[in-house]
Structure formats: structure tokens, C-alpha cells
Amino acid sequence: TISVQSRLDGPFDPTKFRDIKGVVGMPLGKQWAWIIGLCVLVAVFGIGAYRWWFHTPVVPVYIEQPHERALREFNELALRELPHKGLILDFYVLLSDTVRRYVEGRFGISAPEQTTKEFLAAARHHPQIIEDHQRLLASFLRAADMVKYAAQRPGPTECEHGLDAARGFVRESAP
């Protein structure tokens with residue numbers, strides 16, 4: 001059972017209640033500036049807290065130069081020792097792709113999409129590729145094409161010479 005009791009003192013008398021009053025006006029002349037200032041202050045602190053809480057530090061991005069990338073890829077390719085494992089074709093495909101990407105990044109010739117003949121013709125007319133580099137590049141790419149398309153299989157020493165020639169080309173033509 002629940003017992004309900006009144007919190008009023010004495011018996012109920014409806015004459016003791018006051019009537020509802022009208023709307024009370026509140027002058028906000030100078031308070032508006034304080035209210036707006038407080039809202040702006042809360043917003044600034046809120047944005048600052050959000051940015052502090054969800055802040056991800058800005059990490060500087062190092063953009064690798066084409067010659068640095070090519071030399072790094074040559075070193076990685078040498079460490080894989082593909083010619084000693086009998087993977088001559090794979091070695092020359094990776095080696096020539098690295099050289100072509102280097103030439104594309106360094107000289108702006110879209111080498112990966114062109115045949116060797118088209119690529120060498122574009123390199124011949126490029127003002128920054130000197131004649132010695134053109135000859136070195138031509139001999140290297142023709143040797144790589146012989147391995148890739150004519151089923152020529154040089155030994156590991158010839159592969160090392162090809163890698164050294166590619167490195168030499170990159171080092172000599174780097175800015």
C-alpha cells in the first residue's frame with residue numbers, strides 16, 4: 001500500500017493561491033554584447049579543443065629524386081641476385097623498367113609506353129640528353145631487348161655489367 005500525504009500545512013484553502021502574473025520584461029541593452037562575446041569565446045575554445053584532441057601531426061614528406069630512386073632500385077635488384085638464380089629475363093625486365101622510369105622522371109620522356117626505337121628517337125631530340133648518354137642508353141636498351149624478346153641468356157657476369165652500365169648512365173645523367 002502507498003500512502004499519499006500533502007506537503008502543505010493545514011487543510012486545503014484555494015483562496016491562498018495567487019493569480020498568474022503577466023510577462024516580466026527583462027532589459028538586455030548591454031547584456032547582448034556579453035552574451036555574444038561569451039558565445040564567441042565558447043566557440044573558439046570548442047574549436048581549439050577539437051583541433052587539439054583530433055590533431056594529427058604533420059609529417060614532412062620526402063620526395064625521392066628520380067636518380068635516387070633508380071639507384072635505390074638498382075641496389076635492391078643487385079641484392080636479389082636474380083641472375084645467380086637463373087632468372088635472367090626477370091632481372092633484365094626489372095632493370096630496363098627502372099632505367100625507363102628514371103628517364104621518364106628525369107627528362108620527361110614517357111619511356112614506359114614506348115618501344116625502344118621510339119624511345120631512342122625521342123631521346124635523340126631531347127636537349128638535356130648528351131650524345132654519350134644517348135649511346136650508352138641505346139646499347140643498354142638493345143641488350144635488354146635481346147634478353148627480353150630474342151631469348152638471349154647472358155651469364156651472371158654480363159648481367160652485372162648491364163647493371164653497372166645502368167648505374168653509370170644514371171650517375172652521369174643525374175642533375
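**Exercises on a predicted model**

The largest cavity has a volume of about 40 Å³. The model is predicted, so that local features need pLDDT of at least 70 and side-chain atom pairs count only at pLDDT 80 or more, while totals for chains, interfaces and linings use all residues. Residues are numbered from 1 along each chain as its sequence is written, and side-chain values use heavy atoms, without hydrogens and water.

**Exercise 1.** State which residues line the largest cavity and which helices supply at least two of them.

*Solution.* Step one is the term: on a 1 Å grid over the protein atoms alone, a cavity is a set of points where a 1.4 Å probe fits but cannot get out, and lining residues have an atom within 4 Å of a point. Grid points are joined across faces, edges and corners, and the volume is the space filled by probe spheres set on the points. Step two is the lining, formed by Leu77, Ala78, Glu81, Pro83, Phe91, Glu160 and Leu163. Step three assigns helices (DSSP runs of H or I, at least four residues, numbered from the N terminus): H2 (66–80) and H6 each supply at least two lining residues.

**Exercise 2.** Determine whether arginine 167 is buried or exposed, and describe its surroundings.

*Solution.* Arginine 167 is found in helix H6. Its relative accessible area is 15%, and therefore it is buried; the term means under 20%, with exposed over 50% and partly exposed in between (1.4 Å probe, protein chains only). Contact means heavy atoms within 4.5 Å. Apart from neighbours within four places in sequence, arginine 167 contacts Leu71, Phe74, Asn75 and Ala78. Arginine 167 also forms a salt bridge with aspartate 164, with the closest N and O atoms 3.8 Å apart. Such a bridge requires a side-chain nitrogen of Lys or Arg within 4 Å of a carboxyl oxygen of Asp or Glu. Both residues lie in helix H6, three residues apart, about one turn of the helix. Aspartate 164 is partly exposed, at 43% relative accessibility.

**Exercise 3.** Identify what the salt bridge between glutamate 73 and arginine 101 ties together.

*Solution.* The side chains of glutamate 73 and arginine 101 meet at 2.8 Å, N to O. Glutamate 73 lies in helix H2 and arginine 101 in helix H3 (residues 88–107), so the pair ties together parts 28 residues apart in sequence. Glutamate 73 counts as buried at 13% relative accessibility, whereas arginine 101 is partly exposed at 33%.

Conventions: On a 1 Å grid over the protein atoms alone, a cavity is a set of points where a 1.4 Å probe fits but cannot get out, and a pocket is an open set with protein on both sides within 12 Å along at least five of seven lines; lining residues have an atom within 4 Å of a point.
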